[in-house]
Amino acid sequence: MSKPNFAPLKLFITGPTYIRDDIKQAALLPEFGHRDAENDLRFGPIRENLRKLAGAGDAYEPVLFLGSGSTAMEASIRSLVADGETLLNVSVGAFGDHYYNIAVANGKKAENLKFDYGQAIDMVVLDAKLAELKPEVVSFTHNETSTGVTNDMKAVCALIRKHGAMPLVDGVSIFGGADLDLANSGAAMYSTATQKSLALPAGFGIGFISREAEAKAEKVTNKGHTTDITKQLGRARKNQTLTTPNGTLANQMYVQLERIVSEEGIENRFARHLEMRGMVEKWAEGLDGFEMFAPEGFRSPTVSTVLCPAGVTSAQLKKGVKEALRAQGYLMDPGYGKLNTALEADDRRLVIRVGHMGDITPEMLAEYLVKLEAELKKL
Ligand SMILES: Cc1ncc(COP(=O)(O)O)c(C=O)c1O
């Protein structure tokens, strides 16, 4: 067999992201049977550490779905929006629209309340919409990966609760990189994934499911099989997965979560993410013609978005800057495709993204920003 010719790139995209060597090595741990006692040795600690990382306490049950973040999101829709109910989805970008599209694809009655690119959820507008539509369920994105905007999850959930609706939260690109205090968040179900701020390969969707959500799901019909959270919870409580898990990823996840909780420390991990956001803010301020895209107070700790000077084109970013950095061993993010296409069509300034999630260190980021700056200055 010929040796694969894969480039060893340092990923500064927004997930999948950089994986440490010791976590890659953990893929070599023994395979196991998922209905055997060995399974418990992996998934027992995994579920306990997920609770700690989320600040979930006993209020939520962590469930691992074979799939990705979208799998957990789809399960939240299938299991928690009953026939005849209305879902209001609140979107501040492409991934907000993704949640809405999942609901529509599953035949749910749904409406999409959209805010402009780069904006966070406007609470006054949402309040009025909730009063008008009276939805039973509301879904929204905690961290909008396409625009680098983080919504105030607790405040949004509180507003949804004020109107008697059930909040479903997509936290795919922030979980593991920020303090969620999930136990006090008000979310009924929180969905996330392995390949972003947990710095693991993709392969599991993760759902934190409240007792309230479970009680509702028991009454909802037509939940599918893998998207039925009551079936998933039945297995999760035995530290098992409903379907055969990715055992290699489970081994890696066991090691990674033990390392995060017992070696790095959860608070240190969150502080490191905030430090890296601060580094990009300072860097962008010092770069002629560039500035941060997301508004202050709503900037993501895991993905920063930077406005380019007027006149910079998508082709320059994708072919020029990205390829120049690839040649130096880095995978650059030239902005979310659909966002820059829309901005370009409106003659607005384009946005690049810097992913600084998971196990990327401030030293790695500093090195990357120097290289990125050198290429951007050639534009
Ligand atoms: C905020 C957000 N939601 C959902 C998704 C979809 O997640 P997955 O690709 O794990 O299904 C992504 C992926 O980038 C995301 O960033």
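These exercises, each with a worked solution, go through parts of a predicted model.

**Exercise 1. Describe the sheet and state which strands stand at its edges.**

Solution. Begin with the strand order: seven strands form an open sheet that reads 2-10-9-8-5-3-4, and the pairing is mixed. Next, look at the two ends of that order, where strand 2 (60-66) and strand 4 (109-114) each have a single partner strand, so that one side of each is left without a neighbour in the sheet. Finally, consider the twist, for which neighbouring strands are turned against each other by 20° on average, direction ignored.

**Exercise 2. Work out how strand 9 and strand 10 run relative to each other, and which residue stands opposite Ser191.**

Solution. Strand 9 (residues 189-193) and strand 10 (residues 204-210) are joined by five bridges and run antiparallel. Within this pair, the residue that stands opposite Ser191 is Gly207 of strand 10.

**Exercise 3. Find which strands helix 4 and helix 8 touch where they pack on the sheet.**

Solution. Take helix 4 to begin with: it touches strand 3 (86-91), strand 4, strand 5 (137-141) and strand 8 (166-170), and its direction makes about 160° with that of strand 3. Helix 8 (residues 229-236), in turn, touches strand 2 and strand 10, and its direction makes about 100° with that of strand 2.

**Exercise 4. Decide how helix 5 and helix 6 are oriented towards each other, and list the residues that make their contact.**

Solution. The axes of helix 5 (residues 123-133) and helix 6 (residues 153-162) come within 10 Å and cross at roughly 25°. Angles under 35 degrees count as roughly parallel, and therefore these two helices are roughly parallel to each other. Helix 5 passes helix 6 in a right-handed crossing. On the side of helix 5 the contact is made by Met123, Leu126, Asp127 and Leu130, and on the side of helix 6 by Ala155, Leu159 and Ile160. Sorted by class, the contact has six nonpolar residues, no polar ones and one charged.

**Exercise 5. Describe the surroundings of the ligand, naming the residues that come nearest and the elements that give two or more residues to the shell.**

Solution. There are 13 residues around the ligand, and of these Ser68, Gly69, Ser70, Phe95 and Thr145 come nearest. The elements that give two or more residues to the shell are helix 3 (69-80) and helix 4 (94-105). Sorting the shell by class gives three nonpolar, nine polar and one charged residues.

Key
Residues numbered from 1 in each chain as written. Predicted model: local features only at pLDDT ≥ 70, side-chain atom pairs only at ≥ 80, totals over all residues. Near = placed C-beta within 6 Å. Helix = DSSP H or I, 4+ residues; strand = E, 2+ residues; numbered from the N terminus. Nonpolar A, V, L, I, M, F, W, Y, C, P; charged D, E, K, R; others polar. Pairing = 2+ DSSP bridges. Axes fitted to C-alpha atoms, helices over the stretch in contact; angles between N-to-C directions. Contact = placed C-beta atoms within 7 Å. Parallel < 35°, antiparallel > 145°, perpendicular 65-115°, else oblique. Left-handed = near helix turned anticlockwise from the far one by under 90°.
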